[in-house]
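Thank you for making time this morning. I would like to walk through one structure slowly, taking one region after another, and I will pause on a few questions along the way.

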Amino acid sequence: MSHIPDSRWRKAVKFSVCLTWKQQRGETKKNAIQKNKEEEVLSDCQHLVIWRRFSDFLALEISGGFAFLPFLWLVNVVWFFREAFVKPAYTEQLQIKTYVKRSALGLLLWVAVLTTWITIFQHFRAEWGEVGDYLSFTIPLGIP
Amino acid sequence: MSNCSCYSAFLSFAGVSCNSVEKKIYVHLNYTVSCVRLLNATHQIGCQSSLSGNVGVLHVLESEENLDWVLHSGPNPPYMVILESPLFTRSVMMKLKNGSGRVAGVAVVAPNTNPAEGFSPHTTCPNENTGVYSETYEPTMANCNMTVWNPLGNGLSYEEFDFPIFSLKDDNDTQVIRQCYLDHNRAGNGSTPQYPLCAMQLYSHMSAVTDTATCMRRNAINFSLNPEMVCDPLGDQNVWASTRPLNNTAKGHKMWESVVIAAARLDSRSFFFDIAPGAQSGVSGFVTLLAAAHALRNATQEAQPNRTILYTFFQGETFDYIGSSRMVYDMENKQFVVDLDNVHSVLEIGQVGLRADSKLWLHTDPVSRRNESVNKEVEDLIGNLRSAATGLNVTVDVPGFSQPLPPSSFQRFLRARPIPGVVLEDHQSAYTNKFYESMYDNAENLNVSYPPNLTPEEQLEYITDTARVATMVARALYRQAGGEESQLSSIKADPQIVTKMLYSFLVRSNNSWFQQLGNVISFLTGFVCVVHHDFCCLQLVLNRNCTIRIFACSTHFPPPCDSSHLVPQMYNYMWVQGAAPPNSTEREGYCVRSTARLSKALSPAFDLEQYTSKNFSTWTESRWKFIKGRIFLVASHELEMLTLGVGVGVLLSSLLVTYIISSKADILFSSGREPTNATY
């Protein structure tokens with residue numbers, strides 16, 4: 001968030017949007033409308049915003065078929081690491097935590113498999129002769 | 001760096017000239033001839049450089065003991081070794097080959113005169129695996145067990161080197177290189193030479209690797225965005241002509257046609273790419289046969305002999321008989337105008353240039369002569385040759401003991417069936433050619449020399465050979481083909497033609513005689529080309545000897561020779577540029593009708609896709625991007641690292657300063673801004 005303080009109007013807009021969300025989720029509290037609970041509501045909403053963004057991103061991954069891409073998992077881990085493990089706990093954080101952990105695991109697995117395959121291929125491509133040539137996309141010139 | 005032409009206009013009046021930084025650092029080599037990589041079914045031979053060129057500190061080798069400096073004690077490896085030609089021997093090159101990273105490359109200074117003791121980088125037994133003698137056909141004669149044909153051969157051309165090897169001429173450019181070495185690199189009085197040192201960088205990166213099967217497979221793989229060809233099969237075209245027109249569209253056996261094949265070889269090679277003068281090994285043979293064909297031109301028209309004489313000039317014989325194996329293969333598969341049943345006998349003209357005592361030797365194959373009928377035919381042919389030689393001051397003789405055939409195209413015919421034949425050579429046993437398949441096999445080797453102070457035109461006309469061998473060959477061929485005795489005395493080869501051909505093929509091909517035949521673009525070096533080059537010059541020469549001028553086409557660009565009574569299946573029609581008449585500059589071209597044609601000389605292994613074949617030649621030549629070299633001064637490694645370190649330090653410190661300034665920006669650059677918390 002910017003270090004320049006929001007204008008009052010912006011605060012009011014955020015408050016009302018957030019309230020709508022909370023109503024949608026069935027979490028309206030009577031005293032949330034009161035001013036001294038504004039910051040509490042707002043911080044709650046920030047979490048909601050983050051959770052909203054995260055779930056949108058996950059939905060995009062799954063629907064677009066990107067769910068198996070290790071680079072997107074890397075993005076998951078790096079971008080949402082602070083939210084999942086550093087920030088103080090809030091309700092939605094648990095779900096974010098599970099997904100980040102799953103992404104990290106998948107990423108590690110992919111990295112291990114790819115590293116192993118790349119090492120083997122680079123080492124043995126010359127010896128494999130015909131098979132090596134047919135597996136290659138570009139074959140270096142002048143060396144076996 | 002060099003686009004300062006804009007500034008030069010402004011600065012020129014101030015007396016400042018335009019200089020490019022690159023020209024101040026590097027001196028480029030003008031004459032770059034290197035050895036290239038060739039591959040066959042099992043091996044790769046030749047040289048390879050790294051992709052970014054091999055850089056080495058120059059060292060002019062003084063003696064073979066001086067190799068110790070290069071290989072062990074020199075403090076600035078890798079070295080680029082400059083060899084004078086006496087040191088270009090097998091022992092020096094093998095030691096350099098095992099130099100394990102201390103040798104970056106070799107440059108050989110080619111002398112202006114041939115060395116006295118002989119030099120042949122070819123093997124001692126040329127084409128031993130693709131000739132007729134093998135385990136199944138007289139193993140006692142295989143692999144040169146009886147006669148070593150090329151005893152001076154050191155086999156350097158067939159070794160593999162992992163550094164580039166270039167050839168330099170002994171001229172001013174090379175003197176610059178030597179001077180650079182003496183100025184900077186010479187270790188005087190036991191002290192090590194100090195940086196900066198003179199260094200050379202040679203680029204000759206070859207794309208193909210391992211063997212022919214691998215490189216042909218990589219040619220065929222087309223996955224990537226821009227598929228690259230890495231090698232090309234060696235091969236070009238054979239030239240053949242017949243004294244009687246043969247129907248070219250009807251391939252296969254021709255009834256009632258009996259053919260005497262007169263064969264010669266066109267090509268040669270050397271250690272370096274595209275230098276293949278081949279004077280004794282190739283030129284002497286085919287020039288003799290061309291002169292014989294020219295001598296026979298009238299006799300075979302007016303008093304035609306019974307049999308047809310088929311003059312064949314094979315390309316690629318150096319590399320396991322590419323041309324002759326292809327022709328025999330075509331004959332066996334009914335792809336040629338005649339087939340092997342039509343062949344009556346073969347007379348091949350080998351190396352005939354260095355006739356000591358004017359003596360020529362007739363080599364035959366003893367194994368096929370064990371058959372009575374074949375032996376009789378061979379004896380007849382020998383008799384014809386002997387009688388043709390009488391009165392000509394040329395002696396012919398047989399070697400007198402049972403000896404296999406020397407490496408010759410006739411061996412490929414014998415592999416197919418036992419045909420009677422003779423190979424004409426000037427050596428009784430081992431070669432008399434001391435420079436077989438080397439860059440020294442040039443006019444000097446054949447003793448073709450001209451008096452000084454002759455213009456090129458006078459040199460063209462200066463008689464250097466008396467053409468007696470050609471006359472003998474012509475008369476013998478006529479007799480062999482069943483011609484009449486009475487015509488023999490009128491068959492004489494013209495020394496003028498022989499002289500002109502020798503001049504054109506050995507000294508300079510861009511002369512007025514050749515220019516009459518057509519566009520002579522490049523000098524014919526004799527190296528067998530890869531398939532997309534044209535070797536048309538020889539065909540044109542052959543045309544001239546066997547042709548009749550029929551009509552003049554009046555326009556001056558090469559049109560199709562059009563006339564209603566052309567018979568393209570019997571004759572070949574070509575446009576010839578012609579000479580300019582004395583009082584005009586326009587050349588008068590004309591059409592020429594001949595029976596000379598080209599036939600493909602690509603090894604059957606490539607058509608059959610048998611890239612590991614043992615029967616046919618599988619030689620391919622690698623492709624490369626560029627071949628160049630340059631000289632410059634190098635600094636020591638420590639200085640380079642210091643410069644790099646200083647640069648990195650400057651970068652980091654500038655980043656640090658930028659960060660500091662940016663974080664204190666509001667203090668440094670305060671200019672009384674409005675407070676930004678305006679309310680709406």
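Let me begin with a question about a pair of strands: how many bridges join S2(B) to strand S8 of chain B, and do the two run parallel or antiparallel? Before I answer, please keep in mind that what you see is a predicted model. The answer is that two bridges join S2(B) to strand S8, which covers residues 165–169 of chain B, and that these strands run antiparallel. If you would like a place to look, find B:Val33, which stands opposite B:Ser167 in S8(B).

Now let us step back to the sheet that holds this pair. Eight strands of chain B form an open sheet, in the order S1-S23-S9-S5-S6-S7-S8-S2, and the pairing in this sheet is mixed. Strand S1, at 27–28, and strand S2, at 33–34, stand at the edges with a single partner strand each, so one side of each is left without a neighbour in the sheet. As general background, strands of a sheet pair through backbone hydrogen bonds, and they may do so in a parallel or an antiparallel way.

Chain B has another open sheet that I would like to show you, made of four strands in the order S4-S3-S22-S10, and here the pairing is antiparallel. Its edges are strand S4, at 44–45, and strand S10, at 231–233, and because each has a single partner strand, one side of each is left without a neighbour in the sheet. The partner of S10(B) is strand S22, residues 620–622 of chain B, and the two pair in the antiparallel sense over three bridges. Within that pairing, B:Cys231 stands opposite B:Ser622 in S22(B).

Let me turn to what the records say about chain B. An unreviewed UniProt entry gives the annotation "domain: Nicastrin small lobe" to residues 34–208 of chain B. In the model this span is 17% helix and 22% strand, and its end C-alpha atoms are 16 Å apart. Two cis peptide bonds deserve a look: one runs from B:Pro77 to B:Pro78, with omega near -5°, and another joins B:Tyr195 and B:Pro196, with omega about -5°. B:Pro78 is found in the loop between helix H3 and strand S6 of chain B, while B:Pro196 lies in the loop between helix H5 and strand S9 of chain B.

A further backbone detail concerns B:Asp274, where phi is near 65°, a positive value in a residue other than glycine. B:Asp274 sits in the loop between strand S12 and helix H7 of chain B.

Next come the spans that UniProt, again in unreviewed entries, calls "transmembrane region". In chain B this feature is placed at residues 641–661, and the model makes that span 100% helix and 0% strand, with end C-alpha atoms 30 Å apart. In chain A the feature is placed at residues 57–81 and 102–124, and residues 102–124 of chain A are likewise 100% helix and 0% strand, with end C-alpha atoms 33 Å apart.

Finally, where do chain B and chain A meet, and how many residues of each are in contact? The answer is that 19 residues of chain B are in contact with 16 residues of chain A. Between them the two chains bury about 1,300 Å², 63% of it on carbon and sulfur atoms. Six residue pairs are in polar contact between chain B and chain A, and by class the side of chain B that touches chain A has seven nonpolar, seven polar and five charged residues.

There are two salt bridges between these chains, out of a count of 23 over all chains. In one of the two, A:Asp133 forms a salt bridge with B:Arg218, the closest N and O atoms being 3.2 Å apart. A:Asp133 lies in helix H5 of chain A, residues 130–135, and B:Arg218 in helix H6 of chain B, residues 212–220, so this pair joins two chains. In general terms, side chains of opposite charge can pair when their charged atoms come close.

Notes: Residues numbered from 1 in each chain as written. Chains lettered and ligands numbered in written order. Predicted model: local features only at pLDDT ≥ 70, side-chain atom pairs only at ≥ 80, totals over all residues. Heavy atoms only, no water. Contact = heavy atoms within 4.5 Å. Buried area = accessible area lost by both parts, 1.4 Å probe. Salt bridge = Lys/Arg side-chain N within 4 Å of Asp/Glu carboxyl O. Polar contact = N/O pair within 3.5 Å; in protein donor to acceptor, adjacent residues only side chain to side chain. Nonpolar A, V, L, I, M, F, W, Y, C, P; charged D, E, K, R; others polar. UniProt positions renumbered as here; feature names shortened; annotations may be inferred. Pairing = 2+ DSSP bridges.
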